[in-house]
Amino acid sequence: MHPRDQTIFALSSGRPPSAIAMVRVSGSQAGHVLATLAGELPAPRQASRGLLHDATGQPIDDSVVLWFPAPGSATGEDVAEFHVHGGRAVLAALLAAISVIPNTRAAEPGEFTRRAFENGKLDLTEAEGLDDLIHADTDRQRRQALRQLQGLLGDHARDWRERIIEASALIEAGIDFSDEGDVPTELRAPAVRAIKALHDEITKVLAAQAHSERLRDGLVVAITGEPNVGKSTLMNQLARREVAIVSPYAGTTRDVIEVQLDLDGYPVTVIDTAGIRETNDPVEQEGVRRARARAEEADLVLWLVEGGQAIDPDALRSLRKSGDGDRPDGPVWIVRNKIDLGAAGLTGEFGISASRGDGIPELVEALVKFAAEFFGTSEGALVTRARQRDLLTRAADSLRRSLELVEEGEELAAEELRTAAYALGRLLGRVDVEDVLGAIFQKFCIGK
């Protein structure tokens, strides 16, 4: 039997031990599995309590079971669920009892969701939204992922694709009736209006959400500066816990330390780097190299200086010398430490005491404001992944070219419309996406 025809099973709840655990089974044998272990098949979509037994008749656990016959299930296949106590021994016994039933096997990562996609329960944008929802760390990420799971982008893409096909039909009808005098002109005008409206809509979506997909990964903020200026102390203040070693000795931080923060729902990765200075220590040299590299890639750099220390403009410029194009060179904020010792921040600088916490609330407030401006209109974002942006850009480009070509020849314009519809089909996962499915679904957790 082909692996896709086999019945799959997996733990679909959290890591044991836990109060309750849920094991899910999907496939043609799901009903047989449920009846074998529970003794009978319960009524569809009604919770039923019973004692589970293995193939030898030994009891496994007192359980609540559910039965979802196809196609009215999450995957579109027959699905059974076992809600048992979440002890390791209970789960081991239950999974072993399922595995000995013919044509069943343990599920691979994301396989339940992939089957839901293949059975038309989800399109690819909704599957991506589900993945994002599982991995959401902040409330804004959760809300964005939930909108995608509910079809925010998919619904728009389906509507756009249908309208492109309708416009294409008008263009191709003009080709078919090219010998009928004014018929091609009558068909071309409404097609051009439809194509222009579609191009404007998609272009507006792309322009309004320049950083929307970045909400998944978060804003990257690098704390950098010379040794012993309080970078690790500031890191600990922002994290509200001791994540970095604080020492009076220069060169203590030699590697890049990262911590994920939730600032008013915005995901922010703060990086503590090695002090930037000239050194003969090869290990510290590597730390300085990594510090410079991360500062160059960061969306925002906090350059920490101590007291009345002068600022070297060449050092600041060196932090932004090699933007890679994907992330434009971001700003550098001057943060002057030890204001409790009389070192006040100048105009355009932030004054803090990393040890006492003075000025930290104001710095955090500024970071939240920067994040809000950076992510822009991501609250209602349609585009949440680079893959989606790339395919929408291709569709918009093809629509633009079709407008440019329609006066030269309907055949060329029709071909560009087919290319635009194809790009939106790939966005939804309905045409030629086998090459991206593995990359998407393998990132899911097992059991989902």
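## Exercises on salt bridges, a strand and two cores

Arg-163 and Asp-159 are four residues apart in helix 6, so about one helical turn separates them. The model behind these exercises is predicted.

**Exercise 1.** Find how the side chains of Arg-163 and Asp-159 meet, and state the N to O distance.

*Solution.*
Step 1. The N to O distance is 3.0 Å, and the contact between the side chains of Arg-163 and Asp-159 is a salt bridge. The cut-off for such a pair is 4 Å.
Step 2. Check the surroundings of each partner. Arg-163 has a relative accessible area of 22% and is therefore partly exposed. Asp-159, at 33%, also counts as partly exposed.
Step 3. Look for salt bridges that share partners. Glu-77, Arg-105, Glu-111 and Arg-115 are joined in this way into one network.

**Exercise 2.** Decide whether Arg-24 is buried or partly exposed, and determine which parts of the chain its salt bridge with Glu-81 ties together.

*Solution.*
Step 1. Start from the total: the model contains 24 salt bridges.
Step 2. One of them joins Arg-24 to Glu-81, with their closest N and O atoms 3.8 Å apart.
Step 3. Place the partners. Arg-24 belongs to strand 2 (residues 18-26) and Glu-81 to strand 5 (residues 79-86), so the salt bridge ties together parts 57 residues apart in sequence.
Step 4. Apply the burial cut-off of under 20%. Arg-24 has a relative accessible area of 12% and is therefore buried. Glu-81 is at 12% relative accessibility, so Glu-81 counts as buried.

**Exercise 3.** Describe the salt bridge of Asp-139 and Arg-142, then work out how the buried residues of helix 5 are placed around its axis.

*Solution.*
Step 1. Asp-139 and Arg-142 form a salt bridge through their side chains, at 2.8 Å from N to O.
Step 2. Both lie in helix 5 (residues 139-149), and because they are three residues apart, about one helical turn separates them.
Step 3. Asp-139 is at 35% relative accessibility and so counts as partly exposed. Arg-142 has a relative accessible area of 35% and is partly exposed.
Step 4. List the buried residues of helix 5: Arg-140, Gln-141, Gln-144, Ala-145 and Gln-148. These residues span an arc of only 130° around the axis, so they lie on the same side of helix 5.
Step 5. Continue past the end of the helix. Gly-151 follows helix 5 and has a positive phi, near 95°.

**Exercise 4.** Establish how many residues of strand 9 are buried, and in which sense strand 9 pairs with strand 7 and runs relative to strand 8.

*Solution.*
Step 1. Strand 9 covers residues 266-272, and seven of its seven residues are buried.
Step 2. Sort them by direction. Tyr-266, Val-268, Val-270 and Asp-272 point one way, while Pro-267, Thr-269 and Ile-271 point the other way.
Step 3. Take the pairing with strand 7 (residues 219-225): it is parallel and has five bridges. Here Val-220 stands opposite Thr-269.
Step 4. Take strand 8 (residues 257-263): it runs antiparallel to strand 9, and seven bridges join the two. Asp-262 stands opposite Pro-267.
Step 5. Look at the connection. Strands 8 and 9 make a hairpin with two residues between them, and Asp-264 in the turn has a positive phi of about 55°.

**Exercise 5.** Identify which element gives the most to the largest nonpolar core.

*Solution.*
Step 1. The largest nonpolar core has 31 residues, and those with the most contacts inside it are Leu-219, Leu-234, Leu-238, Val-270, Leu-302 and Trp-333.
Step 2. List the elements. At least two residues each come from strand 7, helix 8 (231-239), strand 8, strand 9, strand 10 (300-306), strand 11 (332-337) and helix 11 (360-375).
Step 3. Helix 11 gives the most, with nine residues.
Step 4. Follow one member, Val-270. Residues up to four places away in sequence aside, its contacts include Val-221, Ile-223, Met-235, Leu-238 and Leu-261.
Step 5. Note a second, separate core of 29 residues, which includes Ala-157, Ala-191, Leu-206 and Val-383.

**Exercise 6.** Decide whether Ser-168 is buried or exposed, and name the residues it is in contact with beyond four places in sequence.

*Solution.*
Step 1. Ser-168 lies in helix 6 (residues 152-176).
Step 2. Its relative accessible area is 9%, so Ser-168 is buried.
Step 3. With neighbours within four places in sequence left aside, Ser-168 is in contact with Ala-414 and Leu-417.

How values were computed: Residues are numbered from 1 along each chain as its sequence is written. This is a predicted model: local features need pLDDT of at least 70, side-chain atom pairs count only at pLDDT 80 or more; totals for chains, interfaces and linings use all residues. Side-chain values use heavy atoms; hydrogens and water are left out. Buried means under 20% relative accessible area, exposed over 50%, partly exposed in between (1.4 Å probe, protein chains only). Two strands pair if DSSP finds at least two bridges between them. Contact means heavy atoms within 4.5 Å. A nonpolar core is a set of buried Ala, Val, Leu, Ile, Met, Phe, Trp, Tyr and Cys residues joined through side-chain atoms within 4.5 Å. The arc is that of the directions from the helix axis to the C-beta atoms.
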